[in-house]
Amino acid sequence: MIYFDAAATTFQKPRTVKDTVRAAMDSMSSPGRGNYPTAALAAKTLFQCRMELGELFGVENPEQVVFTSSATHGLNIAIRSLVRPGGRVVVSGYEHNAVTRVLHAIEGLTIYVVNTPLFDAPAMVRGFEELVTPDTDAVICTHVSNVFGYLLPVEEIAGVCRRHRVPLILDASQSAGCIPIDQRTLGAAFIAMPGHKGLYGPQGTGVLLCGEEGEPLLYGGTGSSSQDQQMPGFLPDRMEAGTHNVPGIAGLLAGLRFVRTTGLAAIRHHGTRLKDQLLTALEGEERYQVFGSHDAALQTGVLSLVPRDGDPETLCEYLSAKGIALRGGLHCAPYAHRTAGTLDTGTTRFSVSAFNRPDEVERLIEALKKYK
Amino acid sequence: MNHYLIVCRSVTQAQRAGYLLSAAGITNRIFRSPVGLTERGCSYSVRIGEPYLARAMEILRQNSLQPVKLFLHRDGQYFEVALS
């Protein structure tokens, strides 16, 4: 199978990730529950992962690195920490349901959406400048659209937040492991990311970088301050009730090391090169509406297209029969489709990882050209 | 041999303390705090040799790492030391 659904999960992982997960299951128990060798090794592995995540993402203290089960889990913690019923938030028009469904579950909340065209970064910054006020509970913004690969101007948006002293929650689901992110420079209150996409860890892993202490979403044992019946008042324990996904985090550490060894710039360049290969090939094809930009500052290795005769899901079925995996539909991001005008159809999404090759893109291009 | 126990609030904080001290060349060991040394139950401590206390505390202070308690272990007993 040729796999082009890395925006959902990077299916091809470095060999070290699989080996490490297996080894962890043979050698690690639970951290923070004892100091016997299997617990100590688990604790050491988790701490090392926090350290290396902190180094990659500009986090001052590894205690600010919280392990979650997914980016969605982290976003729930972040939003529930900062956004109050009856409050006010400003979001981009490209948010995922991992953000918007959480917001819609908060009673009486007013959600302001910055609906600006694809690949128009100045318009988006102006939109945030117009809508963010000092009484805004939080700005929540995806770094890269999971549907269109649109790289949002988050540095400028973070600047707007700092000027108004409004906390920023960044959804780095599509950028972590591909685009440089520095928590301290952005001044973000929270940055949520999955472990299983651009960081090449296993499913069931995620990370929340905390610029603020926040409120727990889950309550339970932490292996610390056990006589207290309140959750600890310190990170990461405050946000990490229950047993950690130790094999998953061990795998995440191996994936993270793959990313750091390969280099963010190389991974990003590889992704945009493959995306440009497809974009260029389809530019003359009348049969497809393609949502792309050749400006590497505006789009990552994610590209959406819509067949003018037919629907994106049927196109994906056709490609699947040819051994090529792409995702069709709304990609859990109706806000993004509403903004881009594709809510009625959805799109067929192409997304790559470091393991895809130009000859695989060529196979996809051939299949798309033959599609009737 | 006399030594100090730096009691930390969590395993993560203890590991961070251990990491910072090791980086400064101070030999240390992380382990579960003995029962009775903390009022809240379940914590981790970092053990260091007696001569290294002042330097160790300075390193932790420089890194904004605030231990929960500090104990001197002498003649088989723990004596709490005030954290300045």
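Visitor: How far apart do the C-alpha centres of domain 1 of chain A and domain 2 of chain A lie?

Guide: In this predicted model, the two C-alpha centres lie 26 Å apart. The assignment for chain A gives domain 1 as 2-10 + 263-370 and domain 2 as 15-262.

Visitor: How many residues does each domain bring to the contact?

Guide: A general remark comes first. The size of an interface is often given as the accessible area lost when the parts come together. Here the description is by residues: domain 1 of chain A contributes 32 residues and domain 2 of chain A contributes 31 residues.

Visitor: Which elements supply the side of domain 1 of chain A that touches domain 2 of chain A?

Guide: Helix H9 (264-282), strand E10 (302-307), helix H11 (334-340) and strand E13 (347-351) of chain A each supply at least two residues of that side. The largest share, six residues, belongs to H9(A). By class, this side of domain 1 of chain A holds 16 nonpolar, 13 polar and three charged residues.

Visitor: How is the sheet that contains E10(A) and E13(A) ordered?

Guide: The sheet is open and has four strands in the order E9-E10-E13-E12 (chain A), with antiparallel pairing. Strand E9 (288-291) and strand E12 (327-329) of chain A have a single partner strand each, so one side of each is left without a neighbour in the sheet. On average, and with direction ignored, neighbouring strands of this sheet are turned by 25 degrees against each other. E10(A) and E13(A) are paired over four bridges in the antiparallel sense, and A:Ser304 has A:Arg349 in E13(A) as its bridge partner.

Visitor: Which strands do H9(A) and helix H10 of chain A lie across?

Guide: H9(A) lies across E9, E10 and E13 of chain A and runs at about 25 degrees to E10(A). Helix H10 (residues 312-321) of chain A lies across E10, E12 and E13 of chain A, at about 160 degrees to E12(A).

Visitor: How should the largest nonpolar core be read, and which of its residues touch the most other members?

Guide: The general idea is a simple one. In soluble globular proteins, nonpolar side chains tend to be buried together. In this structure the largest nonpolar core has 128 residues, of which A:Val139, A:Ile169, A:Phe190, A:Ile191 and A:Leu208 touch the most other members. Helix H8 (residues 246-262) of chain A gives the largest share of this core, nine residues. Both domain 1 and domain 2 of chain A give residues to the core, so it lies between them.

Visitor: With which residues is A:Ile169 in contact, leaving aside its neighbours within four places in sequence?

Guide: On that basis A:Ile169 is in contact with A:Ala78, A:Ile79, A:Leu82, A:Ala138, A:Ile140, A:Ala189 and A:Phe190. A:Phe190 is also the bridge partner of A:Ile169 in E7(A).

Visitor: Is strand E7 of chain A buried or exposed?

Guide: Five of the five residues of strand E7 (residues 190-194) of chain A are buried, so the strand is largely enclosed by the rest of the structure. In a regular strand the side chains alternate between the two faces of the sheet. In E7(A), A:Phe190, A:Ala192 and A:Pro194 are buried on one side, and A:Ile191 and A:Met193 are buried on the other.

Visitor: How many bridges join E7(A) to strand E6 and to strand E8 of chain A?

Guide: Strand E6 (residues 168-171) of chain A runs parallel to E7(A) and is joined to it by three bridges. Strand E8 (residues 206-210) of chain A runs antiparallel to E7(A), with five bridges between the two. In E8(A), A:Val207 stands opposite A:Met193.

Visitor: What is the strand order of the open sheet in chain B?

Guide: Its five strands follow the order E2-E3-E1-E4-E5 (chain B), and the pairing is antiparallel. Strand E2 (28-32) and strand E5 (77-80) of chain B are the edge strands, each pairing on one side only. Strand E4 (residues 69-74) of chain B pairs with E5(B) over four bridges in the antiparallel sense, with B:Phe79 as the bridge partner of B:Leu72. Helix H1 (residues 11-23) of chain B lies across strand E1 (3-8), E2 and strand E3 (44-49) of chain B, at about 20 degrees to E3(B).

Visitor: How many residues does each chain give to the contact between chain B and chain A?

Guide: Chain B gives 13 residues and chain A gives 18 residues. On the side of chain B, H1 and E2 of chain B are the elements that give two or more residues, and H1(B) has the largest share, five residues. This side of chain B divides into three nonpolar, six polar and four charged residues.

Key: Residues numbered from 1 in each chain as written. Chains lettered and ligands numbered in written order. Predicted model: local features only at pLDDT ≥ 70, side-chain atom pairs only at ≥ 80, totals over all residues. Pairing = 2+ DSSP bridges. Contact = placed C-beta atoms within 7 Å. Axes fitted to C-alpha atoms, helices over the stretch in contact; angles between N-to-C directions. Domains from an automatic or database assignment. Nonpolar A, V, L, I, M, F, W, Y, C, P; charged D, E, K, R; others polar. Core = buried A, V, L, I, M, F, W, Y, C linked by C-beta atoms within 7 Å. Buried ≥ 20, exposed ≤ 12 C-beta atoms within 10 Å, placed from the backbone.
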